[in-house]
Amino acid sequence: MRESLAITADQHLDTWDELRRDFVLWRAYGSAGRHLVRLLPPALLVFPPIGLLAVAAFFVVLDPSSTAIVNESYDLIGPPGTPLLVWSAAVLVVSVAGQALVLPATVLLAAARLAGRHVSTSDAMRAAARRLPATSMLVLRGAIVVAAILVAGYVLIVGLDEQVGGYLVMVVLLLLAMPCLLGVAVVVLEDPAGARIRTDRPADPVGSLGRTNWPMGPVDPFVGTDRPVGPLGRAYRLARGATWGSALTLAFGVVFFPALITQVVNGVASGTPLLRAGAVTVVTLVLVPFQAMVIARLFLHRLAAKDRIAAFDAVIDGLPASAPRPTRPVPLLAGLLLPGLLYGAVLVNPRGLLEVSETIMNVSRAGDPGVETVTEGTRSKPSIDWPDLRALYAGQDGHMVMLMDGSAQAKLLTCADSACTRGRLTWAEPEAAAGEYPATGARLADGRIAVTSWAIDEMYVSVWDENWTARLGLRLCDAKACVTAAGGEPLAEATEATKSRVLALAARPGGGLALAQLRAIPLWKEDDGFTEVLSITTCDDPSCARRRTKEVARLPGNEETEIMRELVAGVGPDDRPVVLGVDRHTGSMVVISCDDPACARTRTERPLKDESPYFDRDRRARAAMAIRADGRPLIVYRDVTDGAIKLLDCRDHACAQAGTATLTEPGERHSMPALALSRDGRAYVAYQDVDRAQVVIATCTGTRCARTPVARIRQGGDHGLAMALDGRDRPVLSWVDFAGEDDLPTGDEWSLVVTAPLTLR
């Protein structure tokens, strides 16, 4: 049988001439495309069964509390448990072992196709299995080399702060490591033990090939030393003379182009989970023959280019000969489609995991390509920084709008939907506004956003001037731009003597606004220890052209009113305003409620007295409030004494009595909370669990709450979080992921993350 299948001398010489030709990468890809059907079986026999077993085991070890489907893919949102770590290690080991079997077998089939020989899949798999120990050792050595290169790059980039040099060194070293891939061909195409070739053939093999003009060369490419040379050493000796060409061919043909093709297919099919799963798995399987063909052709090309006659002859004649068999398209097609169908079925989410849409906007001080910046006239383009996030609103026509306000004038970042894959950044305040004074906002009944804006007389810039005056204006913003409210009269004024600008804004159900303002009482007017006055301005229309202002309470002051005081305003369906005042220093709270829409009669209650006389910056008190359908407030706050997130379920309109629920463990680090109420009365409380690196939403009915992690903090937490409900009454979060200026080389690497849980119950 072997003689009947042997190729002729002319065919052998034609193969030699063909493989000496340059442009190895493109010729290899062309050959892989022509012989794709014959090269696919090893991958189809190994990888689909591994995937089936891995998926079955995954559902056994799956922990729903730490796993979610994020952007249509499984992702960890919490620390992995021991079973999942064991599963990951087992899948990695089995996958590497499968690759160590599939790639050599496919390389052998590819070499046979290049030589015009037929090798059956079973013979190729048996040959690869016999060489599995040598291939495994080759994989281990390659992994050590890559790990050493990455460590060297890490030391340069992080340890020595040499980013350009570090990346350059890694690229060069990784390219120099590419010839290691030729070791696969050395192992599988030489003798079964992977030892170096030893042959006594003459240098002029006229008798074997019948050609007197056969190129002359050494009998063996590695003859000349008695020291045994391993597969890696032989691979590098074979690449010698064209090291960079061989490295680039392997880098692009085996690594870069396959990765690029996979990413392109993944992006094109990203809208449909089943299509994406099927397309990516099919492409992954199909790319294996192309990678193997590049390795096989380059190996034979280097033998021919070096005139290694005996070695080339031994490789070709050493290929196992098999009788040709017809291809079976049905099993082949089934093998290609099975992994995609299997993963597509997994994406149906049989375990009922949380599904999340998450967009990471890699924003820096230089701007982000995913954010369109819009300005008017000659005004500079707006930009945002990591401390700017103030609030999130559900705007008009499904838009989600973020109020961003830092050191400059306030901006609005508008997203077309809750996914926020692209944003539109516009100025919310006029250029003449006092950018150092924070703006506050509220969502109007028609979906527009009302934003306050302070302006200072240019003659009196210094707050120490006795004539210093700041005037409060109002801007109304839709999805396109912000305009000054009609009328132009200031809503309030602050002078040097009463310079507090602590504000809270809330929308009234009829379309108007309610503005709460806390002002310091001049020293010569203080009496009975009251040093601050709280006033409420009610507007009958969004522009506040018709408004009434009433002083509703006098409160004990704080030495740093503007820094340590916080106001939260709300208006219930009955149109009665409620204002929550928080002392960030002591943690005390005061609730001022109006008995009628005009605030003719008010009540003042203290649901939380002074808790701590000492200020701890890491445990500064923060609070949020929402008004339920029956007018009762619901308050969530970060306790100043132990850092826990707690909920106050007020039992009446004035919050004279309240039930309490503790949502987090005392002593742990948590961010300021955000609060939103759904139409069916459920309360969503969002916060960052800094110790566990998670963003969590607690769903509460009364004081009964269930906590669900919805996102993973990748860099650092407690740098800003806001929440709103979209048009389908689902919570949408925007939060800042930032490691801190002291932890990063440049101090401006941060991300604005938009997280939308799609199936939160």
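A residue counts as buried here when its relative accessible area is under 20%. Keep that cut-off in mind, as we'll lean on it throughout this tour of a predicted model.

Let's start with the whole chain. It runs to 761 residues, and 51% of them count as buried. Along the way it forms 17 helices and 32 strands. Look at contacts between residues at least 6 apart in sequence, and 60% of them turn out to join residues at least 24 apart. On the outside, the chain exposes about 34,200 Å², with carbon and sulfur atoms supplying 57% of that area.

Now for the aromatic rings. A pair of aromatic rings is described by how far apart the centres are and by the angle between the planes. There are 9 aromatic pairs in the structure. Take Tyr29 and Phe290: their ring centres sit 5.4 Å apart and their planes are at 80 degrees, so this pair is edge-to-face. Tyr29 belongs to helix α3 (residues 24-34) and Phe290 to helix α14 (residues 273-305), so the pair ties together parts of the chain 261 residues apart in sequence. Are these two buried or exposed? Tyr29 has a relative accessibility of 17%, so it counts as buried, and Phe290, also at 17%, counts as buried too.

A second ring pair, Trp386 with Phe738, has its centres 4.5 Å apart and its planes at 40 degrees, so it is tilted. Here Trp386 lies in the loop between β4 (371-373) and β5 (389-394), while Phe738 is in strand β31 (residues 731-738), so the parts tied together are 352 residues apart in sequence. Both Trp386 and Phe738 are buried. Elsewhere, ring pairs gather Trp26, Phe252, Phe256 and Phe257 into a cluster.

On to the charged side chains. Side chains of opposite charge can pair when their charged atoms come close. This structure holds 26 salt bridges. One of them joins Asp123 and Arg126, at 2.4 Å from N to O. These two are 3 residues apart in helix α7 (residues 121-130), which means about one helical turn separates them. Asp123 is buried, at 18% relative accessible area, whereas Arg126 is partly exposed, at 45%.

Asp649 and Arg628 make another salt bridge, with their closest N and O atoms 2.5 Å apart. This one links distant parts of the chain, 21 residues apart: Asp649 is in strand β24 (residues 645-650), and Arg628 is in the loop between β22 (622-627) and β23 (633-638). Asp649 is buried, with 13% relative accessible area, and Arg628 counts as buried at 12%. Lys646 and Asp639 also meet in a salt bridge, at 2.9 Å from N to O, and both of those residues are buried. Finally, Asp75, Glu358, Arg712 and Arg714 are linked in a network of salt bridges.

To finish, compare two helices. In helix α15 (residues 309-317), 7 of the 9 residues are buried, so the rest of the structure largely encloses this helix. Among the buried residues are Ile309, Phe312 and Asp313. Helix α9 (residues 163-177), by contrast, contributes to the surface: with 5 residues, it gives the most to a nonpolar patch. That patch covers about 470 Å² and is made by Leu168, Val169, Val172, Leu173, Leu176 and Trp244. Leu168, found in α9, has a relative accessible area of 55%, so it is exposed.

Conventions: Residues are numbered from 1 along each chain as its sequence is written. This is a predicted model: local features need pLDDT of at least 70, side-chain atom pairs count only at pLDDT 80 or more; totals for chains, interfaces and linings use all residues. Side-chain values use heavy atoms; hydrogens and water are left out. A salt bridge is a side-chain nitrogen of Lys or Arg within 4 Å of a carboxyl oxygen of Asp or Glu. Helices (H or I, at least four residues) and strands (E, at least two) are DSSP runs, numbered from the N terminus. Buried means under 20% relative accessible area, exposed over 50%, partly exposed in between (1.4 Å probe, protein chains only). Patches are made of residues with over 30% relative accessible area and no salt bridge: like charges are joined within 9 Å, nonpolar side chains (Val, Leu, Ile, Met, Phe, Trp, Tyr) within 5 Å. Accessible areas come from the Shrake-Rupley method with a 1.4 Å probe; for residues, only the protein chains shown count as cover. Contact means heavy atoms within 4.5 Å. Rings of Phe, Tyr and Trp (its six-membered ring) pair if their centres lie within 6.5 Å; planes under 30 degrees apart count as stacked, over 60 as edge-to-face and the rest as tilted.
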